[in-house]
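Me: I am new to protein structures and would like a close look at one thing: the way side chains pair up. Please go slowly and explain each term when it comes up.

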Amino acid sequence: VPMVAPGNVQVHVINSTLAKVHWDTVPLKTVRGHLQGYKVYYWKVQSLSRRSRRHVEKKILTFRGNKTFGMLPGLEPYSSYKLNVRVVNGKGEGPASPDKVFKTPEGVPSSPSFLKITNPTLDSLTLEWGSPTHPNGVLTSYTLKFQPINNTHELGPLVEIRIPANESSLILKNLNYSTRYKFYFNAQTSVGSGSQITEEAVTIMDE
């Protein structure tokens, strides 16, 4: 098997899900056989928004031939990763380079995990929601948009409310009675807005 590890391993983080890794080729005599390529082992150490460490699944990408760089796609935003590089010949892999740590920046969050509308009265509705399963960063706020829908399914004027990130419920007041409303709800990080969840609910007709 090869005798030495690739040196001068560098990671260039391109965006929240993509990084580029560079390394120096090893001297051919240390390959001790036919150089087949390089393998990059990489794994997520932890999410920076949740401190839970779970079972570490190592991923491996093989770059054929005498390449000196490779792309690592499909990374999770706002996470800490480690990687190392090994040279491969027909017999197997050489030793690993020292582990390199890199961090991905924040991305936009996934949609809120649920949106529930309860306690209808003549002029109010209560909204409850769950934070996104994948915040992909630090949540800065939620945005709620809603509008009435009339009997012919025409949409009325859209109202928009910004809600602090630490809230998980809201009572909407001053609504019209016996009216169907459509709600659009999403979360934000400093990078932008995540995908929205939609729901409909009706205020009651009369007491």
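The reply below goes through salt bridges, then aromatic rings, then the place where the domains meet.

Reply: Happy to help! This is a predicted model, where local features need pLDDT of at least 70 and side-chain atom pairs count only at pLDDT 80 or more, while totals for chains, interfaces and linings use all residues. Residues are numbered from 1 along each chain as its sequence is written, and side-chain values use heavy atoms, with hydrogens and water left out.

Let's start with Glu76. This residue sits in the loop between β5 (69-72) and β6 (79-89); strands here are DSSP runs of E with at least two residues, helices are runs of H or I with at least four, and both are numbered from the N terminus. Glu76 is partly exposed, with 31% relative accessible area. For this scale, buried means under 20%, exposed means over 50%, and partly exposed is in between (1.4 Å probe, protein chains only). Ala19 is 57 residues away from Glu76 in sequence, yet their C-alpha atoms are 11 Å apart in space.

What does Glu76 form with Lys44? The answer is a salt bridge, and the closest N and O atoms are 2.5 Å apart. Lys44 belongs to strand β3 (residues 35-47) and Glu76 to the loop between β5 and β6, so this pair ties together parts that are 32 residues apart in sequence. Lys44 is buried, at 16% relative accessible area. The term salt bridge has a cut-off too: a side-chain nitrogen of Lys or Arg has to lie within 4 Å of a carboxyl oxygen of Asp or Glu.

Searching the whole structure gives 5 salt bridges. One of them joins Glu93 and Arg86, at 3.8 Å from N to O. Glu93 counts as partly exposed at 25% relative accessibility, whereas Arg86 counts as buried at 17%. Glu200 and Arg180 form another salt bridge, with their closest N and O atoms 3.1 Å apart. Since Glu200 lies in strand β14 (residues 197-202) and Arg180 in strand β13, the pair ties together parts that are 20 residues apart in sequence. Both ends are partly exposed: Glu200 at 35% relative accessibility and Arg180 at 37%. There is also a network, in which salt bridges that share partners join Lys39, Arg86 and Glu93.

Arg86 has a second role to notice in this picture: it lies over the face of Tyr41, 3.7 Å from the ring centre. A charge sits over a ring if NZ of Lys or CZ of Arg is within 6 Å of the ring centre and within 35 degrees of the ring normal. Lys67 does this with Phe69, its charged end being 4.9 Å from the ring's centre.

Now for rings with rings. A pair of aromatic rings is described by how far apart the centres are and by the angle of the planes. Rings of Phe, Tyr and Trp (its six-membered ring) pair if their centres lie within 6.5 Å; planes under 30 degrees apart count as stacked, over 60 as edge-to-face and the rest as tilted. The count by this rule is 9 aromatic pairs. In one, the ring centres of Trp23 and Phe63 are 6.0 Å apart with planes at 45°, so the pair is tilted. Trp23 is in the loop between β2 (18-22) and α1 (28-31) and Phe63 is in strand β4 (residues 59-64), so parts that are 40 residues apart in sequence are tied together. Trp23 is buried at 2% relative accessible area, and Phe63 is buried as well, at 11%. Another pair is Phe146 with Tyr181: the centres are 6.1 Å apart and the planes are at 65°, so this one is edge-to-face. Phe146 comes from strand β10 (residues 141-149) and Tyr181 from strand β13 (residues 180-188), so the pair ties together parts that are 35 residues apart in sequence. Phe146 and Tyr181 are both buried. Ring pairs also link Trp23, Tyr38 and Phe63 into a cluster.

Finally, the domains. The protein is divided into domain 1 (7-104) and domain 2 (112-202), with bounds from an automatic or database domain assignment. Across their interface the rule finds 0 salt bridges. Still, 4 residues of domain 1 are in contact with 6 residues of domain 2, where contact means heavy atoms within 4.5 Å.
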